[in-house]
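Here is my note on the two-chain model, as numbered points. Please read them with the structure open.

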Amino acid sequence: MSDFEPGDQASIASVTDRVRPVAIGAAVTAIHFLGDRAAFVGAEESVALVDAEGGISRVTVHGGGILCTSSDGARIVMGGDDGKLAELNGKGEVAVLATDPKRRWIDNVALHPDGAVAWSAGKTAFVRSGKGEDKTFDMPSTVGGLAFAPKGLRVAVAHYNGVTLWFPNMAASPEFLEWAGSHLGVVFSPDNKFLVTTMHEPALHGWRLADNRHMRMSGYPGRVKSMSWSAGGKSLATSGADAVIVWPFASKDGPMGKEPTMLAPLQARVAVVACHPKQDILAAGYSDGTILMVRLEDGAEILVRRNGTAEVAALAWNAKGTLLAFAAEDGEAGLLPL
Amino acid sequence: MPSPTLQKIPVTVLTGYLGAGKTTLLNRILSENHGKKYAVIVNEFGEIGIDNDLIIGADEEVFEMNNGCVCCTVRGDLVRILDGLMKRKGKFDAIIVETTGLADPAPVAQTFFVDEDVQKNARLDAVVTVADAKWLSDRLKDAPEAKNQIAFADVIVLNKTDLVSKAELAEVEARIRGINPYAKLHRTERCKVKLSDVLERGAFDLDRILDIEPDFLEAGSDHEHHDHDHHHGHDGHDHGHGGLKHYHDEEMQSLALRTDKPLDPTKFMPWLQNLVASEGQKILRSKGILAFSDDDDRYVFQGVHMMLEGDHQRKWKEGEARESRLVFIGRELPEQIIRDGFESCITS
């Protein structure tokens, strides 16, 4: 049990003095890296682009709340409560990709490495291929989450009572993976073998795609809102408990019949997790503002940020894994060079 | 001491059968010069003329929680919309959720009982039901949804009173009271009601469960009301008392319990939990102020179907009668079982 009360601080390695504070000054909903600039996506209207020296430039992207974001490293695509799907590229240029005619909220967005983008408004899922062709598909209930499969043009659409696997370029009817309840976030494993959803209740649900076998991953005290695959996809780190819950996915059975590893327990809820892109390290942000770097192998911890502030809202690594960016709900943010 | 729940964004649920005047009331709330900003969640998005910056279309998607309880239903769309609205915190002061005319208010209310994220940011203020004075009596006979909405209400806006005679008005009020004698009732034409009578009611705030007396002696009532705790008639029958009819609705009714002897908490709590677990589908709303043996604090609770929340409220005051009172509103309530169970929790 780690404890960051003053008396115990010497017992843990700390890099807090190497963090460069960044004053975003507004609530942050997500962070992505565009090259070496960290893009702090605000809860409303704008994105703050921060270079490695801490210089900030702000770009307005939406006329209201920013509800969802996705990035492929070259651009960030965002959906807003203004009914717009907007794109921000590395040069700081903004383009509107789509506008909902009824000004419905754009609730979810996902990007495919080949340039395709998927988004949803209410029950309707949209896909625009890399060539610019639009396809739509109406789900039985509101879309909770979207994800592209790592291979081929296949989109997982999470909704009530399961996930629809949609192949926008094929005439074949979509595949339906059923499981009662409300499914929110959805991710494919990097090896394309598993699909995992976060549910409305505090649990994950998974399917092994080869045979659609169910995987129940429960026991969380709170809803899981953040999931991150470790480098190589051998494990899935998750928020929702007072420790980082890491599910093993290295074997062909995934986490079936296995216990998860619990890392970096604190007396605070894990709010965000972000695995390092190259090494078996993750960053975890907690409800009390603490941020730790944790080694997956043995749970060794390094303190990045002390507790005593607002909940950590977002964490992100740059592609090389040399910079960690973070932001708390109150807009206090920072960059840690490694 | 201000209650911490009051710092959360209040959410008013606006229900009412088709054509009762929900949209009229909503427009009245939005257009009045109150200096407040409302975020409005509506159905039939875009089909009704509502002039407001923050207006969100909802789909009324109800789903069952995976806990084996069929009445533990929540509005998933509401969870999503409230989460999205919180990105714009500070841009509005309160939220109004308009349901469709056929909606059951329970899943909306239950969303506030079970969802951790919703609870963190918002609080349910009250369920306000708009009823049509001319047609409600008919709807109570043929539309179970209308009955549900009356039973569930904290505030009832009895609208279109200009379209009915005094006798018809008395009849429809008596029918409402036969189902729900506890809601605050306001008679209106074109939903002309003081906003303070429908907003900021704190009806779900445990700290404001001060009194659970029937709403018969409200100022502004031009009727002479009688004690309602009398013999109930049978299906279709009604009986007059000095001009005011009393109806007993065979399906939906309220049940009040009271004792001036202290309750045994080790018996009462398990009894109440078992009761809502076994009969929760029938119990729409429950409320209570309780005096436990060897406890100087008033205990208050409220519930929606199987979901309960309760807490010690405050010390009993000097000279205050330490009386326990409970109210259940529900469908085909097993009255004798509830009465007997309650009796068994009284310390001898």
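1. The contact between the two chains takes 23 residues from chain A and 17 residues from chain B. The model is a predicted one, and that applies to every value in this note. On the chain B side, the elements that each supply at least two residues are β3 (54–57), α2 (76–85) and α4 (116–121). Of these, α2(B) gives the most, with five residues. By class, the side of chain B that touches chain A divides into eight charged, five polar and four nonpolar residues.

2. Chain A has 30 strands and zero helices. Its C-alpha trace spans about 65 × 50 × 30 Å along the principal axes. The radius of gyration of chain A is 19 Å; a compact globule of 338 residues would have one near 20 Å, so the two agree. Of those 338 residues, 49% count as buried. Among the contacts in chain A with a separation of 6 or more, 42% are between residues 24 or more positions apart.

3. One sheet of chain A deserves a closer description. The sheet is open, has five strands in the order β1-β27-β26-β25-β24, and its pairing is mixed. Which strands stand at the edges? They are β1 and β24 (270–275) of chain A; each has a single partner strand, so one side of each is left without a neighbour in the sheet.

4. The mixed pairing can be followed around β27(A). Strand β1 (residues 13–14) of chain A pairs with β27 (residues 301–305) of chain A in the parallel sense, over two bridges. Within that pair, A:Ser14 has A:Leu303 as its bridge partner. Strand β26 (residues 291–295) of chain A runs antiparallel to β27(A), and four bridges join them. Here A:Leu292 stands opposite A:Leu303. A:Leu303 therefore appears in both pairings, as the bridge partner of A:Ser14 and opposite A:Leu292, in a strand whose neighbour β1(A) is an edge strand, so that β1(A) has one side without a neighbour in the sheet.

5. The link between β26(A) and β27(A) is a hairpin, with five residues between the two strands. In the turn, A:Gly299 has a positive phi of about 75°.

6. Chain B has a mixed make-up, with ten helices and 16 strands. Buried residues make up 41% of its 348 residues. Residues 24 or more positions apart account for 74% of the contacts in chain B with a separation of 6 or more.

7. Chain B contains an open sheet of seven strands, ordered β3-β2-β6-β1-β7-β8-β9, with parallel pairing. The edges are held by β3 and β9 (184–187) of chain B; each has a single partner strand, so one side of each has no neighbour in the sheet. On average, and with direction ignored, neighbouring strands of this sheet are turned by 20° against each other. The edge strand β3(B) is also one of the elements that supply at least two residues to the side of chain B that touches chain A.

8. Inside this sheet, strand β1 (residues 9–16) of chain B and strand β7 (residues 122–132) of chain B pair in the parallel sense over eight bridges. B:Thr15 stands opposite B:Thr129 in β7(B). Helix α6(B) packs on the sheet and touches β1, β7 and β8 (155–159) of chain B. The direction of α6(B) makes about 130° with that of β7(B).

9. The last point is the domain division of chain B. Domain 1 covers 5–203 and domain 2 covers 245–343. Their C-alpha centres lie 25 Å apart. How many residues of each domain are in contact with the other? Domain 1 of chain B brings 20 residues and domain 2 of chain B brings 20 residues. On the side of domain 1, the elements that give two or more residues are α3 (106–114), α6 (144–152) and α7 (166–179) of chain B. The largest share, six residues, comes from α7(B). By class, this side of domain 1 has 14 nonpolar, three polar and three charged residues. Helix α6(B) thus has two roles in the description, as an element that packs on the sheet and as one that gives residues to the side facing domain 2 of chain B.

Technical notes: Residues numbered from 1 in each chain as written. Chains lettered and ligands numbered in written order. Predicted model: local features only at pLDDT ≥ 70, side-chain atom pairs only at ≥ 80, totals over all residues. Domains from an automatic or database assignment. Contact = placed C-beta atoms within 7 Å. Nonpolar A, V, L, I, M, F, W, Y, C, P; charged D, E, K, R; others polar. Pairing = 2+ DSSP bridges. Axes fitted to C-alpha atoms, helices over the stretch in contact; angles between N-to-C directions. Rg over C-alpha atoms; globule rule 2.2 N^0.38 Å. Buried ≥ 20, exposed ≤ 12 C-beta atoms within 10 Å, placed from the backbone.
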